[in-house]
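Please look over the structure shown below, with attention to the ligand, the pocket and one residue of a strand. The report that follows takes these topics in turn.

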Amino acid sequence: MTYDANNIFAKILRGEIPCYKVYEDDHTLAFLDIMPRSIGHTLVIPKAPARNVLDIAPEDFAHVARTAHKIAGAAKRAFNADGITIQQFSEQAGGQAVFHLHIHVMPRMLGVALVPPMSNKESPTVLEEHAARLKAALTGT
Ligand code: AMP
């Protein structure tokens, strides 16, 4: 399987499609999932063009893991979460729908189930507010 540079996350990286950005550094970008499975559901992607865990360079995967770790801590503080679920899907058989590697970081509340994948598009107002909360938690403001 080869990387398709026209996938939707590659377009987000190139600025061709907007996103609710939470964090960016030299190697990674984190933004809100527009169909969140939990409050503050965030996606962390590498800037390097990798399809999934089966083709990403180990050092690029390490950058993504480092950012996911950072987002997890900020998400716990931002949403007063009881826990965090982290998921990564590779290839269609693994549950992947968008073929640019991403790690899902999902804040969890005790007793609250995850919403089914891609079942509910969140409103821009809510997404903007959640992105602002995450950014504030990341900077400690
Ligand atoms: P998967 O490839 O199965 O790990 O999931 C892809 C995820 O991308 C789903 O949770 C979608 O809700 C999410 N998604 C799809 N398009 C966008 C977009 N334009 N911005 C943010 N999240 C998206």
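## Polar contacts with the ligand

In this predicted model, a backbone N or O atom of isoleucine 34 lies 3.5 Å from a nitrogen atom of the ligand. Glycine 95 also takes part through its backbone, with an N or O atom placed 2.8 Å from an oxygen atom of the ligand, whereas aspartate 33 uses its side chain, where an N or O atom is 2.5 Å from an oxygen atom of the ligand.

Around the ligand there are 16 residues, and those that come nearest are Asp33, Gly95, Ala97, His102 and His104.

## The largest pocket

The largest pocket holds about 510 Å³ of space, and its lining is made up of 23 residues, with Phe9, Asp33, Met35, Leu43 and Val98 lying nearest its centre. By character, the lining residues divide into 17 nonpolar, four polar and two charged.

Helix 1, which spans residues 8–13, and strand 2 each supply at least two residues of this lining, and the largest share, three residues, comes from helix 1.

## Phenylalanine 31 in strand 2

Phenylalanine 31 belongs to strand 2, which covers residues 28–32. Because its relative accessibility is 2%, phenylalanine 31 counts as buried, the cut-off for that class being under 20%.

Apart from neighbours within four places in sequence, phenylalanine 31 is in contact with Phe9, Ile12, Cys19, Tyr20, Lys21, Val22, Thr42, Leu43 and Ile45. Leucine 134 stands 103 residues away from phenylalanine 31 along the chain, and the C-alpha atoms of the two are separated by 9.9 Å.

How values were computed
Residues are numbered from 1 along each chain as its sequence is written. This is a predicted model: local features need pLDDT of at least 70, side-chain atom pairs count only at pLDDT 80 or more; totals for chains, interfaces and linings use all residues. Side-chain values use heavy atoms; hydrogens and water are left out. Helices (H or I, at least four residues) and strands (E, at least two) are DSSP runs, numbered from the N terminus. Buried means under 20% relative accessible area, exposed over 50%, partly exposed in between (1.4 Å probe, protein chains only). Contact means heavy atoms within 4.5 Å. On a 1 Å grid over the protein atoms alone, a cavity is a set of points where a 1.4 Å probe fits but cannot get out, and a pocket is an open set with protein on both sides within 12 Å along at least five of seven lines; lining residues have an atom within 4 Å of a point. Grid points are joined across faces, edges and corners, and a volume is the space filled by probe spheres set on the points. Ala, Val, Leu, Ile, Met, Phe, Trp, Tyr, Cys and Pro count as nonpolar, Asp, Glu, Lys and Arg as charged, and the others, Gly among them, as polar. A residue is near a molecule or strand if one of its heavy atoms lies within 4 Å of it. A polar contact is a pair of N or O atoms within 3.5 Å; within protein, one must be able to donate a hydrogen and the other to accept it, and residues adjacent in sequence count only if both atoms are side-chain atoms.
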